Amino acid sequence: MIGLLFNPLSGRIRKRKDAIRRVLAGLPGATCSEVTNAPEIKASVDAFIQADIDLLVIVGGDGTVQGVLCHLFATQPLARWPVLTVVPGGTTNMTALDLGICGKPEFILQQLKGYLLKQIPPVFLQRHVLCIEQAGAAKVYGMFFGVGFIARAVIFSQSKIKQLRITGEIYSGIITFGYLVGLIFGRRDGAWAPVRMSIIERNTGVRHGTYAFLFASTLDRLLFGMRPYWGQEKEPLHITFVRQKPKRPLRSLLALLTGHAETLKEQDGYHSCNTGALELLIDDDYIVDGESYRASSQDGPLRITAAGPIIFLGAGR
């Protein structure tokens, strides 16, 4: 059995939701539920689990995927999870792209229909999921965590750029440009200031300082196919952080874009590693899959760990 979770308000879906609904109606053996907020996501996921579905198709963006992950981790043991797959209908769609799934939502759904009818052998991929927790707050699950200029650019875009209905790579490019401008020209105070925090890594002690940004992800690749981390440790959580005003920022950008980030050095302000756990002492905003949250050091460290792995249905090869 197949459950379809369809968010008609996702960024790339609004203008093509009628065409997508027609394709959804033709998928064999599938039950569709439209959702636009967290309570609806939770109720629909509960109904699908109760119906013992085998595959949950999430037609939406990274925020919709995050809502599903948070609810499943909060309510179900991994043994009861269906296989998940994502049809990219949001603004950035990093999770879907990392699974090799790209294109217009209705086209991808037609491909899924063909796969179901022809019984093509599936491509299963395993991914861990970030678990972000702090005392006094509910756990948050997702695939990408960011603080500093990354969080500031995303939060700014949600109030300004999204009003223009810009999505896809154009939106991603604006976000990337925003935090790179901050990286190069960032001020020490104001709305676009770097972030002050203490970083506690497993087995490496504590780093105190001011940072342009820090991000953590379990995805192999991020926007534009970038793989901006270069740690060699065999751990699921990829971490990269950059100190305020690092050396040669333009050269570092080129290294990140061309897949040669291993040339960046910690003495120049760049650090990357793979780990199983990370803790931050921070008083600032952070984002998880495009959704914003607030951390307070009064509540103790913000802890990031890897949960899972879980199984996704990826694109055929």
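Q: Why is arginine 16 called partly exposed in this predicted model?
A: Arginine 16 has a relative accessibility of 22%. Partly exposed covers the range between under 20% (buried) and over 50% (exposed), so arginine 16 counts as partly exposed.

Q: What makes the contact of arginine 16 and glutamate 106 a salt bridge?
A: Their side chains meet at 3.4 Å, N to O. The cut-off is within 4 Å, so the pair qualifies. Arginine 16 sits in the loop between strand 1 (2-6) and helix 1 (17-25), and glutamate 106 in helix 5 (residues 105-118), so the bridge ties together parts that are 90 residues apart in sequence.

Q: How do you know that aspartate 220 and arginine 127 form a salt bridge, and what does the pair tie together?
A: Happily, the check is the same kind of comparison: 3.5 Å, N to O, is within 4 Å, so this pair is a salt bridge. Aspartate 220 belongs to the loop between strand 9 (205-217) and strand 10 (237-243) and arginine 127 to strand 5 (residues 124-133), so parts 93 residues apart in sequence are tied together.

Q: Is arginine 127 buried or exposed, and why?
A: Buried: its relative accessible area is 10%, and buried means under 20%. Its partner aspartate 220, at 33%, falls between the two cut-offs and therefore counts as partly exposed.

Q: Why is aspartate 284 called buried?
A: Its relative accessibility is 9%, and the limit for buried is under 20%, so the label fits. Aspartate 284 forms a salt bridge with arginine 294, and arginine 294, at 54%, is over 50% and so counts as exposed.

Methods:
Residues are numbered from 1 along each chain as its sequence is written. This is a predicted model: local features need pLDDT of at least 70, side-chain atom pairs count only at pLDDT 80 or more; totals for chains, interfaces and linings use all residues. Side-chain values use heavy atoms; hydrogens and water are left out. Helices (H or I, at least four residues) and strands (E, at least two) are DSSP runs, numbered from the N terminus. Buried means under 20% relative accessible area, exposed over 50%, partly exposed in between (1.4 Å probe, protein chains only).
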